[in-house]
Every structure is written in structure tokens, then in C-alpha cells.
Amino acid sequence: MKESAELVVGNASELLTCADDAPDLIGVIRGGWVAVRGGRVLAVGAKSDVEPLISSATEFIDAAGGIVAPGFVDSHTHVVFGGTRVGEYFAKIEKLSPEETERRGIRTGILTTLEPTRKHSLEFLYEETAARVKDMIVSGSTTIESKSGYGLDRETEIKQLEVNGLLEARLPVSIASTFLGGHGWPHDMSKEKYMDFLIKDMIPFVGSLGLAEFCDAWCDEGHYTAKECGAILEAGAAAGMRPKLHEGGYSYIGGAEVASDLHAVSADHLNYVPRKSLRKLAESGVTGVPLPGIDFAVGHPLPFDPAPMIDEGLEIAIATNCCPGCWCTSMPFIMILACRNHGMSSERAIRAATIAGAKALGRQDRVGSIEPGKNADIQVWNLGHHEDIAYHYKGNPVAIVIKDGKVAARDSRLVSGERRQRGSVNKG
Ligand SMILES: [Zn+2]
């Protein structure tokens, strides 16, 4: 006898599998249905493929003519931070001079975020971060990458990574944890001295604790050089962390070559990366992660252009880059920006937010698409056609979020109580 489904979602106008090899990029199944069992996708296809799996114990979710899609994979965030930089945001909008910004007492840059992040207790930092992550979940994100990098000292970096563990333990979301000790260096230390501490002390320590899956650094003028980033990422790899790299966001100084040579899982920002280096990234199997939110938030002088990336065969993921400089928790908003400001098609943007995001985290075997055996991370959009995701500028188009086969959010609210009850209701 066939195993029956624990949960079935049906009556969608379109189901988007977002399978990696979908010729239309998103695998549209008109009127598609999906069955779930044991937290995994059991079957996906037409109503006739899924209906035989329904028993009296199966919970049915009526998509009511909406869109069924994989949960978003938000593959680049700095969501764990203390404080706010709203003053800096408006100083940029109002084009205040550096002198006027200083006269008004407005502090700027990532080092400004160090003080509140260092000061907060683990629980307080968790609470501030969890509020943002809850917004992300109800907006359809079921896997979120989260970087440290606002401590630049041992205690705070570890605290940030511990917040990542608490987020995954307490909320219906998967967290991919990244150590970004190479985000900058503190005011009171030279770059050389900090790098020595980073490579010889912090990276091996973080690796020994197993708190991070990835090691990341920032390659740009005024930040770390390509050579320095190579040394940081090699130390990370030796400590068991796969490389990622911020590069080409504000200048190009060779980061793509390092990311390619080290087979980084992703190279992020990419505004200034020349075409031949994009090709090298593609040939090395690196996923590119350009960031529409930060280009929008800072009024970037050279917004990224996906066209040469696509021409050169680079897989593109998009992400919120949620941070004090880009307080964005909504992947649907990022998709609107990717299409309207950067010329991406809706299909490209949806792929970039799902299966390509999974590739940017090396998790494409588990998440990012609706295929049998994959995690049942699924969402329902209150929209009639997939292009509407970047065309209807509404508050939150995500009606239902399913994480590991259980309803995690409905109508912009988490339903954590419901997750626990389901076992007793289910008689099957
Ligand atoms: Zn970043």
C-alpha cells in the first residue's frame, strides 16, 4: 500500500517547482499539487498524481488559486546586530556633507554597529534579531544565511554565531551560519595586527566550536586586499569552513580571482567585477549573489547588471542583505527591485530567490525547489500569476509558509502553537 500524505497543498493556479533543470527557470505546473510526508516532499504534479495519496488523516491546504512555490532561500544577511543606523540612512538621502553629518553627531559605517552589538547580552541580541527573522519567515523565507562580523572580537563574534543557533532552535527556519571576522578591523587595532589575531586565533577557535559553516571576508578598496582575503579564506577552509566572499561591491581589486581559485560557494555584490572574471567565477562553479537591496538603500552609483553574468553562465542568487545599512526582511521586495531596477525577468528573480539561493549555500540537494525527497519548505502566494510577485507592490503577498512540512505562518503571523498541536490531531 502506498504511504499516504500527511499534508497536501492543492488548487494552485501555478505550482513553481524551481527544479534546477527547469527549461523555463521555474518549472511551472499549471494547477499543480504537492504532497508531504515526514517533513519531505512526497509527490508533486497534477491533481491526479497527488490525489491517490490523500487519506482521512491528510491535512488539506487549499491554495485557492494562489501560487505555490518553494520557500525562499535568503543567502546573504547580516541580520544579527544591535542598534540602528537610521541617522546615516537619512544623511545619505539628504546628501549631507561629511562635515555636516559629523556636526549633527551622526556616526556612520559598520564600526558604528560594533558598540551596540558588543554591549547587548546574548538574549537581548537574540530578541532584537528574532523580531527581524520572524518578519523574514512570514515573508516566505525558510532558509536564511546569517553572518557575524559586528564584533571583530572573540566574545562578540561567538555571541553572534550563538544567536544563529538560537534562531534555528526556537524559530521555524533553517539558519546557515557564516563567520565574517574579515568584515573589517576595530578602530583600536591595525589591520595587520587584527589579521594576525583573526587567522591564528579566532578562525581556528570558531572552527573548533563548529559554530559556522562558512568563512567570509570583504574584498574592496579600503577593506581587505584580494591577497589578504585569500589568506583569511584559506585559514577558514583549514578550520572546516567553506569560503564565501564579499567582492567588487564598490571597486574591483581582484576578489573574483580569489573566489574562483578557492572554489568559493558564492561571490557576493559583484557591481564592478569585469566580464572575464564573471566567466571565471562561472567556470569555477561559484554562485554570484548580487544584492538589489543594498544598491537601492545606498543609492549605488553603479547598480549591478545581471546581463553579463547571465551571458557568462553565472548562476545568480539574490538576497536581502538585511543589515543596518539595508533594513530589508522581505524577499518579495528584493524581487521587485531585481526586476524593476536591474532588468531581471520575474522567472530569473524567482529562481534567484529559491534554487540559486540554495546553491549559494551549498544546500541545493535539500532546499530551494519542490521535488520529491526535498525538505517540504513551501509557500503560498496570494497572487494569480507568478509575474505578479514583482508587479503587485502589496504589503506581503505570502499567505502561508510551510517549514519542514508544518504550517509555520499564515497571513503574516507565525503559528508556532499550531506546529505542536498537529501530532495529536493527526490520527493516521
Ligand atoms: Zn554583506
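# A guided tour of the sheets and helix pairs

Begin by selecting strand 1 (residues 7-10) and strand 4 (residues 33-37), which run antiparallel and are joined by three bridges. Strands here are DSSP runs of E with at least two residues, helices are runs of H or I with at least four, and both are numbered from the N terminus. Two strands count as paired if DSSP finds at least two bridges between them. Within this pair, V9 has V34 of strand 4 as its bridge partner.

The model is a predicted one, in which local features need pLDDT of at least 70 and side-chain atom pairs count only at pLDDT 80 or more, while totals for chains, interfaces and linings use all residues. Residues are numbered from 1 along each chain as its sequence is written, and side-chain values use heavy atoms, with hydrogens and water left out.

**The four-stranded sheet**

Extend the selection to the open sheet of four strands, whose order is 5-4-1-6 and whose pairing is mixed. Strand 5 (40-45) and strand 6 (59-62) lie at the edges with a single partner strand each, so one side of each has no neighbour in the sheet. From one strand to the next, the twist averages 20°. Angles run from 0 to 180 degrees between N-to-C directions, and axes are lines fitted to C-alpha atoms, for helices over the stretch in contact.

**The seven-stranded sheet**

Select next the open sheet of seven strands, with parallel pairing and the order 8-9-10-11-12-13-14. Its edge strands, strand 8 (72-74) and strand 14 (287-289), each pair on one side only. The twist in this sheet averages 20° from one strand to the next. Inside it, display strand 9 (residues 141-147) with strand 10 (residues 174-182): five bridges pair them in the parallel sense. E145 stands opposite A176 of strand 10. Helix 7 packs on this sheet, where it touches strand 10 and strand 11 (214-219), and its direction makes about 150° with that of strand 10. Contact means heavy atoms within 4.5 Å.

**Helices 7 and 8**

Keep helix 7 (residues 191-209) selected and add helix 8 (residues 226-238); they pack at an angle of about 15°, with their axes 9 Å apart. Helix 7 is therefore roughly parallel to helix 8. For such labels, angles under 35 degrees count as roughly parallel, over 145 as roughly antiparallel, 65 to 115 as roughly perpendicular and the rest as oblique. Helix 7 passes helix 8 in a left-handed crossing, meaning that the near helix is turned anticlockwise from the far one by less than a right angle; clockwise would be right-handed. Show K191, M195, L198, I199 and I203 of helix 7, which meet E228, A231, I232, A235 and G236 of helix 8. These contact residues comprise seven nonpolar, one polar and two charged. Ala, Val, Leu, Ile, Met, Phe, Trp, Tyr, Cys and Pro count as nonpolar, Asp, Glu, Lys and Arg as charged, and the others, Gly among them, as polar.

**Helices 5 and 6**

Move to helix 5 (residues 122-138) and helix 6 (residues 154-170), packed at about 55° with axes 9 Å apart. Helix 5 is therefore oblique to helix 6. Their crossing is right-handed. Among the residues to display in this contact are L122 and Y126 of helix 5 and V163 and R170 of helix 6. The contact of helix 5 with helix 6 has eight nonpolar, two polar and four charged residues.

**Helices 13 and 14**

Select helix 13 (residues 331-342) and helix 14 (residues 346-353), which pack at about 140° with axes 9 Å apart. Helix 13 is thus oblique to helix 14. The crossing of helix 13 and helix 14 is right-handed. M331, M335 and C339 of helix 13 make the contact with S346, A349, I350 and A353 of helix 14.

**Confidence**

Finally, colour by pLDDT, the predictor's confidence in each residue, from 0 to 100. The protein has a mean pLDDT of 96, and 97% of its residues reach 70 or more. Over residues 418-428, pLDDT stays under 50. Where pLDDT is low, the predicted coordinates should not be read in detail.
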